[in-house]
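User: Please take a close look at one part of this model, the way its chains meet, and then follow the picture into the chains themselves. I would like one connected account with the cut-offs stated.

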Amino acid sequence: MTRFLARRLVTTALTLLGIVVVVFFVVRVLPGDAAVLRAGPYADAERLAQVRADYGLDKPLYEQFLSYMGGIFHGDLGTSTVSGGSVASELFSRLPASLEIGLYAVLLACLIGIPMGVLAAAHRGGWLDRIVRLGVIAASSMAMFWLGLLLIYFFFYRLGWFPAPIARLPADVGPPRHVTGLYTLDALLTGQAGLAWTVARSLMLPVLTLTVALVAPVMKIVRQSMIETLGSDYVRTARAMGVPERHILMRDGLRNALLPVVTAIGIVFGYMLGGNIIVETLFAWPGIGRYAYQSIQNNDLEALQGFVILVGVMYVLLNVVIDICYRLIDPRISVGGKARS
Amino acid sequence: MSAEAAAVTGTTASRTNLRSLWGVVREHPMATVGVLLLVLFALAALLGPLFVGDPLKTNPAHALEAPSGHRLFGTDRYGRDVFTRAVVAARLDLVVGIVIAGLATAVGSLIGVAAGYFGGAFDEIVMRVTDIVLAFPGFVLALILVAVLGDSVPNVVVAVAIAYTPYFIRLTRARALAEREREYVDAAALAGNRRWQIAYRHVLPNSLSPAFTQAALVAGWAVLDVAGLAFLGIGIQPPRAEWGVMVAEGANDFLTGAWWTALFPGALIVLLAMGFQLIGDDLQGGEK
Amino acid sequence: MSLLDVRGLSLGIAGREELLRDVNLTLEAGEVMGIVGESGSGKTMTALALLGLLPPSMEIRSGTATVEGRTVLEAGARRVHRASGDMTMIFQNPRGALNPTMRVGAQVGRVLRVVRGKTRAEAAAEAVALLRRVGISGAERVAKAYPHQLSGGMCQRVVIAMALAYRPRVLIADEPTTGLDVTVQAQIFELLRELVDETGCGVLFITHDLAAVADMCDRVSVLYGGQLMETATTVEMFEQPKHPYTQFLLESLKPEDQQGEVQAADAGVDFSLPGCRFAHRCPHVFDRCAAFPPLVETNDKHLYSCFLGQEKSLDAAQCSRSV
């Protein structure tokens, strides 16, 4: 395990470095003058020179990179061109809002996707299986921005069940005292059940939209790995020994089928981090996804660059955690860090 | 053979063809729906523009008209005919999906086979680079690439294709690693073929099947990604007739009651993506 | 009444041709019956059908099977309820036969719990005892191990311990020693024999290894292409094979093939034809072979499925009549 950890740490560090390098050079080296992009298309020569000097764009590239890297180690992701504020602090102040949607959506996707995948595999070829397979295809063909619009149209505009898609809270309601930054949790922790419900109502539509996008890979992977497990030799042995099907489904099937699902959670988080740009834009949700959208609208490359690096780093670190969890759960991977079967 | 007999055998032949076709349809009902969807979209893409008018023609007098027999999908806030725009957009969206999947498959397979077959330092570099590219969620990577490259159709195509290429590199690399150990590779080497000849004439064709299977699914996702970027105002720009652009343009009117402005183009995106997904699902083994 | 009685068992892929046709088997208590055949001859299919473990694509066309008179298999039914303790099976590939994420003691104990209704604590203790019974030294320690930490032979002992926990009347062993060392093979055989003597259960021993048959079995049934060719005591089978296929089988291992393994199948059996499944390879084939040969009995325990002998006895009958 130590050897595995050491190896994983080195490759992770390399990947993280790679992320910063790629983003940095994509922003600066690809066609398109960084100064023009920052100053806007109508800036004159003087303004361009000013921008170059401000952002150190007149210095050699390697110097720019070193100073950017140095900044990252101090938690500095540069300065927003538009607001003039620190990109890192702007991102981190918006992160809880994004996590609140994202975590609920991942949780909901698992709560729906895992049982559905298991049932489909257990009744393989039957009508339930067909519905689940069709559901996977429909959900993975769904255009999230369109689905979100439909939900807003029906549940806000037509039925009025949910508040207007304009923020985390209705205009006349203040946020709960800051504990975790997740409003539902904070409201409950401070004992304001009513506020928690208000917050939850604003959360429901965006979470539902994102869940549809996330549930497809969960169902698909659970179903596939469950089918594989139920067809395995050890399940056949258990059946031959008279172990009831229900017991096999839960102990042999689900337990072993969930191992690949742990890895799949990584993929699902990737979908989540990409999908939240659209969902947050659609619901005017003040998270990092909307921040990215606004920085594109404002040509704020520094901010966009910060967002992409943050997302990349979170995604990589999450996958490391998942990898380690996987090794802790799966007894086949011995303590030496070597898989023997 | 008499003409009569020829006619009879002709009809039986076409009948057996029909019957075997029916057999295929019954065995693969979902893929059949997918193929039908794609055929419909291909027809619309090929012939549609001949039958509808100018997708950019505004008509303020008839802005936001609800669907009717005359205007099937109604009009948007500029009085443009939504049906006309939707039909014209079919070509762009279909081609974009196919080209992205094709590009990613072609480039990914070439690199993947080389990495798997030659191994060594090249393989190591390729794998590290794919690690880094895969460290970004695909949509986020495409987003920053387009933001930097600038808004244009080719730039979107390249950006989204780059995001999907690592999957194909991994798929074909794994397969090429396995293929490398097969007898025919040794036989080809004994026959005096050069290493690159073996790699691309013998190993590559045998390593492609998982990539092709994946390509159909990727085409579907690519359609969604491009439309999603367009919805965010990145890549394909208004007033171009593209479904994602149309949904974005119609979004505000949609939420104030003019549901037709965004409903139809969005539904078409979903149906096109579904056509690819249905076929991809079947290629992946369907029930398996 | 035999312990196990299989009558007229026919299996097929749903909607397609019949693979297994009209197979009849009997097994007595305390007896080991070898089932011999090439791969694809239907040995394993027969066993899976008896246990109700056929893959979903297969269906039982006709036939019945009883254990001590209780029906365990019926045509049309996917899976007949088995009285617990009737019949179980151990498989080849013992490593794969154990759940990789479950300690082996727990896997033995689970059988005790679900089949025999033991409590968790009783099951854990008895599982260790069973592991010891199948010759595993340090059973307490092994019970806490995961399958990947054990050798293949150990895994097969664990599976046998599970089977013991089940207390079957009939145990089916499907090539239980494939892939194991020769010495381990001998140990496993010995263990199985001991268990038969001790518990009085019957064993269907599926194999393609004729040497193992000679070692282990009281009687042998030979399958080819889903057809039961011949059933006889082991001694009679080796000394007086009646069926041309059995003769071919024994012939083929005499000269150089010391392994005694049955050769893999040839061009393949055409399952859509109604006649004898061996006809296309049989040196004695004649016109009657286009029909399916019924089992004929030469003496109490020797049956075979061929027209050849019948023809002769028929001729003899006619001769005697004409005289």
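Analyst: What follows starts with the contacts between chains and then moves to the core, the individual chains and some backbone details.

This is a predicted model, in which local features need pLDDT of at least 70 and side-chain atom pairs count only at pLDDT 80 or more, while totals for chains, interfaces and linings use all residues. Residues are numbered from 1 along each chain as its sequence is written, and chains are lettered from A and ligands numbered from 1 in the order in which they are written.

Two residues are taken to be in contact if their C-beta atoms, placed from the backbone, lie within 7 Å. Two pairs of chains touch, and of these the pair A and B has the most contacts. Chains B and C, by contrast, do not touch, and their nearest C-alpha atoms are 13 Å apart.

The contact between chains A and B takes 42 residues from chain A and 39 residues from chain B. On the side of chain B that touches chain A, at least two residues each come from helix H4 (120-134), helix H5 (138-149), helix H9 (209-231), helix H10 (243-254) and helix H11 (260-283) of chain B; helices (H or I, at least four residues) and strands (E, at least two) are DSSP runs, numbered from the N terminus. By class, that side of chain B has 28 nonpolar, seven polar and four charged residues, where Ala, Val, Leu, Ile, Met, Phe, Trp, Tyr, Cys and Pro count as nonpolar, Asp, Glu, Lys and Arg as charged, and the others, Gly among them, as polar.

In the contact between chains C and A, 23 residues come from chain C and 20 residues from chain A. Strand S6 (87-90), helix H2 (104-116) and helix H5 (152-166) of chain C each supply at least two residues of the side of chain C that touches chain A, and the largest share, four residues, belongs to H2(C). This side of chain C divides by class into 14 nonpolar, seven polar and two charged residues.

Turning to burial, a residue is buried if 20 or more other C-beta atoms lie within 10 Å of its own, exposed if 12 or fewer, and partly exposed in between, with C-beta atoms placed from the backbone. A nonpolar core is a set of buried Ala, Val, Leu, Ile, Met, Phe, Trp, Tyr and Cys residues joined through C-beta atoms within 7 Å. The largest such core has 282 residues, and those with the most contacts inside it are A:Leu214, B:Val160, B:Ala222, B:Ile269, C:Val108 and C:Leu131. Helix H9 (residues 193-230) of chain A gives the most to this core, with 18 residues. Leaving aside neighbours within four places in sequence, B:Val160 is in contact with B:Ile100, B:Ala142, B:Ala222, B:Asp225 and B:Val226.

Chain B itself has 11 helices and zero strands, and its C-alpha trace spans about 75 × 70 × 30 Å along its principal axes. Of its 288 residues, 49% count as buried. Chain C has 10 helices and 12 strands, and buried residues make up 45% of its 323 residues.

Chain A is divided into domain 1 (2-73) and domain 2 (93-329), with bounds that come from an automatic or database domain assignment. The C-alpha centres of these two domains of chain A lie 32 Å apart, and 13 residues of domain 1 are in contact with 11 residues of domain 2. On the side of domain 1 of chain A that touches domain 2 of chain A, two or more residues each come from helix H1 (2-29) and helix H2 (34-39) of chain A, with the largest share, nine residues, coming from H1(A).

Some backbone details remain. Most residues other than glycine have a negative phi, and most peptide bonds are trans. A:Asn299, in the loop between H12 and H13 of chain A, has a positive phi of about 55° although it is not a glycine, and A:Asn299 is partly exposed, with 17 other C-beta atoms within 10 Å. C:Glu175 also has a positive phi, near 40°, and lies in the loop between strand S7 (170-174) and helix H6 (182-199) of chain C. In chain B, a cis peptide bond with omega of about 5° joins B:Pro238 and B:Pro239, and B:Pro239 is placed in the loop between H9 and H10 of chain B.
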